[in-house]
Amino acid sequence: MSKTRQGEKVFEAKSAPTNDGAGAALDTPAGNEAAAAACCHHKDTPRSAEFQADLQKRLNRAIGQLNGVKGMLDDNRYCGDVLVQLAAAESAIRSVSGKLLQDHLETCVVEQIRQGNDEVVGEVMQLMKRFSRL
């Protein structure tokens, strides 16, 4: 592990497992290994083209809503109207998160448990806590 300084923060280059067994270097704040490990894994089972297209469509809708919010702010629109649009964008993003979490449970988690990796349950519990508002 090598350490470099950026401003006042210390970053460590870490290795994360990938499909091909090679490590991928990450720059992460020291002490934030969980975030580092979670950001660079690759899915063993590919998502279907239909599911991928659905996620992309939903994300594009949320991006459009957020761009609309930016325009509303630039236009000095009424706060209540802006908040309604923000709530719609949040809902769209939560929908994507929910669908992705379900896919994760049905594919990645099932595969890991079948391979004898019970530690994946801890990861799932952390994800459930993070996305408990779905």
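**Helix pairs, a charged network and the overall fold**

D54 and R58 sit together in helix α2, 4 residues apart, which is about one turn of the helix. Their side chains meet in a salt bridge, with 3.0 Å from N to O. This pair makes a convenient entry point to the structure, which is a predicted model. Helix α2 covers residues 49–74 and has the highest mean pLDDT among the elements of the protein, at 96.

With that starting point in place, the general plan can be described. The protein has 4 helices and 3 strands, and along the sequence these follow the pattern β-β-β-α-α-α-α. The strands thus precede the helices in the order of the chain. Of the 134 residues, 22% count as buried. The accessible surface amounts to about 9,700 Å², and carbon and sulfur atoms account for 53% of that area. Among contacts between residues at least 6 apart in sequence, 38% join residues at least 24 apart.

Confidence varies along the chain, and a newcomer may wish to keep this in view. The mean pLDDT of the protein is 77, with 69% of residues reaching 70 or more. At the low end of the elements stands strand β2 (residues 9–16), with a mean pLDDT of 34. Over residues 1–31 the pLDDT is below 50, although this stretch does have 52 contacts in the model beyond near neighbours in sequence.

Attention can now return to the charged side chains. Side chains of opposite charge can pair when their charged atoms come close. A search of the whole structure finds 5 salt bridges, and the D54–R58 pair is one of them. Another joins R47 to D103, the closest N and O atoms being 4.0 Å apart. Because R47 lies in the loop between α1 and α2 while D103 belongs to helix α3, this pair ties together parts that are 56 residues apart in sequence. The two partners also differ in their surroundings: R47 is partly exposed, with a relative accessible area of 36%, whereas D103 counts as buried at 13% relative accessibility.

A further salt bridge is formed by the side chains of E90 and R94, at 3.9 Å from N to O. These two residues are 4 residues apart in helix α3, so about one helical turn separates them. E90 counts as partly exposed, at 44% relative accessibility, and R94 is likewise partly exposed, with a relative accessible area of 30%. Elsewhere, salt bridges that share partners join K43, R47 and D103 into one network.

K43, a member of that network, is found in the loop between α1 (33–39) and α2. The side chain of K43 makes a polar contact with the side chain of D103 at 3.4 Å. The K43 side chain also makes a polar contact with the side chain of T107, at 2.6 Å. D103 is therefore a partner of R47 in a salt bridge that links the loop between α1 and α2 to helix α3, and of K43 in a polar contact.

R47 appears once more in the surroundings of L100, a residue of helix α3. Leaving aside neighbours within four places in sequence, L100 is in contact with R47, F51 and L55. For L100 and L55, which are 45 residues apart along the chain, the C-alpha atoms are separated by 8.1 Å. L100 itself is partly exposed, with a relative accessible area of 32%.

Two further features complete the picture. The first concerns N76, found in the loop between α2 and α3 (79–114). N76 has a positive phi of about 60° although it is not a glycine, and at 69% relative accessibility it counts as exposed. The second is a nonpolar patch on the surface, formed by I113, V121 and M125, with about 250 Å² of accessible area together. Within this patch, V121 lies in helix α4 (residues 120–130). V121 is partly exposed, with a relative accessible area of 41%.

Conventions:
Residues numbered from 1 in each chain as written. Predicted model: local features only at pLDDT ≥ 70, side-chain atom pairs only at ≥ 80, totals over all residues. Heavy atoms only, no water. pLDDT = per-residue confidence, 0-100. Contact = heavy atoms within 4.5 Å. Polar contact = N/O pair within 3.5 Å; in protein donor to acceptor, adjacent residues only side chain to side chain. Patch = residues over 30% accessible without salt bridge, like charges linked within 9 Å, V, L, I, M, F, W, Y side chains within 5 Å. Areas by Shrake-Rupley, 256 points an atom, 1.4 Å probe, with all protein chains shown as cover. Buried < 20%, exposed > 50% of the residue type's maximum accessible area, 1.4 Å probe, protein only.
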